[in-house]
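Student: I would like to learn how to read a protein model feature by feature. Can we start with the layout of the chain and work inwards?

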Amino acid sequence: MSKDFSATRLDVRAFAQAGGHLEGEAPLSAFKRLAADALAVEGEQPMVRWEADGELVEQTGGSGHVWLHVSAEVELPMTCQRCLTEAHIPLYVDRSFRFVADEATAELEDDDSDEDLLALSREFDLLALIEDELLMEVPVVPRHDECPVPVKLESSDADFEQANEQKENPFAVLQSLNVGKSAD
């Protein structure tokens, strides 16, 4: 018997018990917060590809641990901070989450656990989790590995230096004013 699961309203325990598998793809524009970090795209949208697997790991004397394994990828169009041209920054996540009874249990066990813990839900939004995980992969300073255009590495140019040389020193101007007053 096959059960259909919804990525936006996922019963995590039932998904894990069934050893469920979901996969899909959606345009970047479907992930509003992630799209806000990207350059505006005209034409075909980059696609976010994702998949998730549920697993129930047996536990002696208990109901077992509920696990969700998630992977996702997208090429995010951003501005390279080195050459200021468009760069397609690859984002990839592959994470596993163990689910516990509620938020209080997750908070209590979080410090002692090496796993990522989440609270169990019957209407879990898997796509929101995927977006959260991809957002954490967005680089603070996006840049190409190798820029397609030569990068000018000078902080000033000749015109700037010439203008700087022509300026009179403001302290010299003050000094000349002060000299005139002391003669009075």
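Tutor: Take the order of elements along the sequence: the pattern is α-β-α-β-β-β-α-β-α-α-α. That gives six helices and five strands. Bear in mind that this is a predicted model.

Student: How much of the chain is buried, and what supplies the exposed area?

Tutor: Of the 184 residues in the chain, 30% are buried. The chain exposes about 12,600 Å², and carbon and sulfur atoms supply 48% of that area. As for contacts between residues at least 6 apart in sequence, 60% of them join residues at least 24 apart.

Student: In what order do the strands lie in the sheet?

Tutor: The general idea comes before the case. Strands of a sheet pair through backbone hydrogen bonds, either parallel or antiparallel. Here five strands form an open sheet in the order E1-E2-E3-E4-E5, with mixed pairing. Strand E1 (21–27) and E5 are the edge strands, each pairing on one side only. On average, neighbouring strands of this sheet are turned by 30 degrees against each other, direction ignored.

Student: How many bridges join strand E2 and strand E3, and in which sense do they pair?

Tutor: Strand E2 (residues 47–57) and strand E3 (residues 65–79) are antiparallel, with nine bridges between them. For one position to look up, take Asp-53, whose bridge partner in E3 is His-69.

Student: Which strands does H4 touch?

Tutor: H4 packs on the sheet and touches E1, E2, E3, E4 and E5. The direction of H4 makes about 125 degrees with that of E4.

Student: Next, side chains. How many aromatic pairs does a search of the whole structure find?

Tutor: The search finds two aromatic pairs. In one, the ring centres of Phe-5 and Phe-15 are 5.0 Å apart and the planes stand at 80 degrees, so the pair is edge-to-face. Phe-5 is in the segment before helix H1 (12–17) and Phe-15 is in helix H1, so the pair ties together parts 10 residues apart in sequence. Phe-5 counts as buried because its relative accessibility is 17%, under the 20% cut-off. Phe-15, at 0%, is buried as well.

Student: And what is the geometry of Phe-99 and Phe-124?

Tutor: Their ring centres are 5.3 Å apart with the planes at 90 degrees, so this pair is edge-to-face. It links distant parts of the chain, 25 residues apart: Phe-99 is in strand E4 (residues 86–100), and Phe-124 is in the loop between strand E5 (116–119) and H4. Both Phe-99 and Phe-124 are buried.

Student: Is Arg-98 buried or exposed?

Tutor: Arg-98, placed in strand E4, counts as buried because its relative accessibility is 9%. The side chains of Arg-98 and His-65 are joined by a polar contact of 3.4 Å. Beyond residues up to four places away in sequence, the residues that Arg-98 touches include Trp-67, Glu-109, Glu-115 and Asp-116.

Student: Where is Pro-142, and what is it in contact with?

Tutor: Pro-142 is in the loop between helix H4 (126–137) and helix H5 (158–166). At 6% relative accessibility, Pro-142 is buried. Leaving aside neighbours within four places in sequence, Pro-142 is in contact with Met-78, Thr-79, Cys-80, Gln-81 and Ile-89. Pro-142 and Met-78 are 64 residues apart in sequence, yet their C-alpha atoms are 6.9 Å apart in space.

How values were computed. Residues numbered from 1 in each chain as written. Predicted model: local features only at pLDDT ≥ 70, side-chain atom pairs only at ≥ 80, totals over all residues. Heavy atoms only, no water. Helix = DSSP H or I, 4+ residues; strand = E, 2+ residues; numbered from the N terminus. Buried < 20%, exposed > 50% of the residue type's maximum accessible area, 1.4 Å probe, protein only. Contact = heavy atoms within 4.5 Å. Areas by Shrake-Rupley, 256 points an atom, 1.4 Å probe, with all protein chains shown as cover. Phe/Tyr/Trp six-rings, centres within 6.5 Å; stacked < 30°, edge-to-face > 60°. Pairing = 2+ DSSP bridges. Axes fitted to C-alpha atoms, helices over the stretch in contact; angles between N-to-C directions. Polar contact = N/O pair within 3.5 Å; in protein donor to acceptor, adjacent residues only side chain to side chain.
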